[in-house]
Amino acid sequence: MDLREIFATNLRRLRNAKGWSQDELAFEAKISRGYLSLLEKGEYYVSIKIIGQLAEKLEVEPAEFLKRPAKSGR
């Protein structure tokens, strides 16, 4: 899993944990819903500025977006 995929996975997880739709987060972070959707799909690279905006609105540290998922012991 590359960093873009890790970011996308964490962004979706954090948004869902907050109970927000893509529209709500996009509005709060002042970005378009289309751009947010592409970030969540891992199709676009994200800038530091946008990471900061998303982290602020989701009330997490920016580093939270780059944490690798825990490996499951299946």
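1. Let me start with the contacts. Among contacts in the protein with a separation of 6 or more, 58% are between residues 24 or more positions apart. Keep in mind throughout that this is a predicted model.

2. The overall layout is quickly told. The protein has four helices and zero strands, so along the sequence the pattern reads α-α-α-α. The C-alpha atoms fill a box of roughly 40 × 25 × 20 Å along the principal axes. For 74 residues, a compact globule would have a radius of gyration near 11 Å, and the protein's 12 Å agrees with that. As for burial, 34% of the 74 residues count as buried.

3. On to the core. The largest nonpolar core has 16 residues, and Leu11, Leu54 and Phe65 are those with the most contacts inside it. Helix 1, helix 2, helix 3 and helix 4 each supply at least two residues of this core. Helix 4 gives the largest share, with five residues.

4. Leu11 deserves a look of its own. Setting aside residues up to four places away in sequence, Leu11 touches Leu25, Leu36, Leu39, Glu40, Leu54, Leu58 and Phe65. Several of these partners turn up again below: Leu25 is among the buried residues of helix 2, Leu36, Leu39 and Glu40 are among those of helix 3, and Leu54 and Leu58 are among those of helix 4.

5. Now the aromatics. A search of the whole structure turns up two aromatic pairs. One of them is Phe7 with Phe65, a tilted pair at 5.1 Å centre to centre with 40° between the planes. Phe7 sits in helix 1 and Phe65 in the segment after helix 4, so the pair ties together parts that are 58 residues apart in sequence. Both Phe7 and Phe65 are buried, and Phe65 is also one of the core residues with the most contacts.

6. There is a charge over a ring as well. Arg4 lies over the face of Tyr45, at 4.1 Å from the ring centre.

7. Helix 2 spans residues 22-29, and its buried residues are Gln22, Leu25, Ala26 and Ala29. These cover an arc of only 100° around the axis, which puts them on the same side of helix 2. Their cover includes helix 1 (3-18), helix 3 (33-40) and helix 4 (48-58). Just after helix 2, Lys30 takes a positive phi of about 60°.

8. Which residues does Glu28 contact, leaving aside neighbours within four places in sequence? Trp20 and Lys57. Glu28 belongs to helix 2 and is partly exposed, with a relative accessible area of 31%. If you want a backbone distance to check, the C-alpha atoms of Glu28 and Gln53 are 8.7 Å apart, with the two positions 25 residues apart along the chain. Gln53 is itself one of the buried residues of helix 4.

9. In helix 3, the buried residues are Leu36, Ser37, Leu39 and Glu40. Looking down the axis of helix 3, they fall within an arc of 160°, so they line one face of the helix. What covers them includes helix 1, helix 2 and helix 4. Note that Ser37 and Glu40 are in this buried list alongside the two leucines. Just after helix 3 comes Gly42, with a positive phi of about 75°.

10. Helix 4 buries Ile50, Ile51, Gln53, Leu54, Ala55 and Leu58. These residues pack against helix 1, helix 2 and helix 3. After helix 4 comes Glu59, whose phi is positive, near 60°.

11. Is Lys49 buried or exposed? Lys49 lies in helix 4, and at 61% relative accessibility it counts as exposed, because the cut-off for that is over 50%. The C-alpha atoms of Lys49 and Arg12 are separated by 18 Å, the two being 37 residues apart along the chain.

12. To pull the threads together: helices 1 to 4 each put at least two residues into the 16-residue core, and the Phe7–Phe65 pair joins helix 1 to the segment after helix 4. If you open the model with one residue in mind, try Leu11, whose contacts include Leu25, Leu36, Leu54 and Phe65.

Methods:
Residues are numbered from 1 along each chain as its sequence is written. This is a predicted model: local features need pLDDT of at least 70, side-chain atom pairs count only at pLDDT 80 or more; totals for chains, interfaces and linings use all residues. Side-chain values use heavy atoms; hydrogens and water are left out. Buried means under 20% relative accessible area, exposed over 50%, partly exposed in between (1.4 Å probe, protein chains only). The arc is that of the directions from the helix axis to the C-beta atoms. Contact means heavy atoms within 4.5 Å. A nonpolar core is a set of buried Ala, Val, Leu, Ile, Met, Phe, Trp, Tyr and Cys residues joined through side-chain atoms within 4.5 Å. Rings of Phe, Tyr and Trp (its six-membered ring) pair if their centres lie within 6.5 Å; planes under 30 degrees apart count as stacked, over 60 as edge-to-face and the rest as tilted. A charge sits over a ring if NZ of Lys or CZ of Arg is within 6 Å of the ring centre and within 35 degrees of the ring normal. The radius of gyration is taken over C-alpha atoms; the globule rule is 2.2 Å times the number of residues to the power 0.38.
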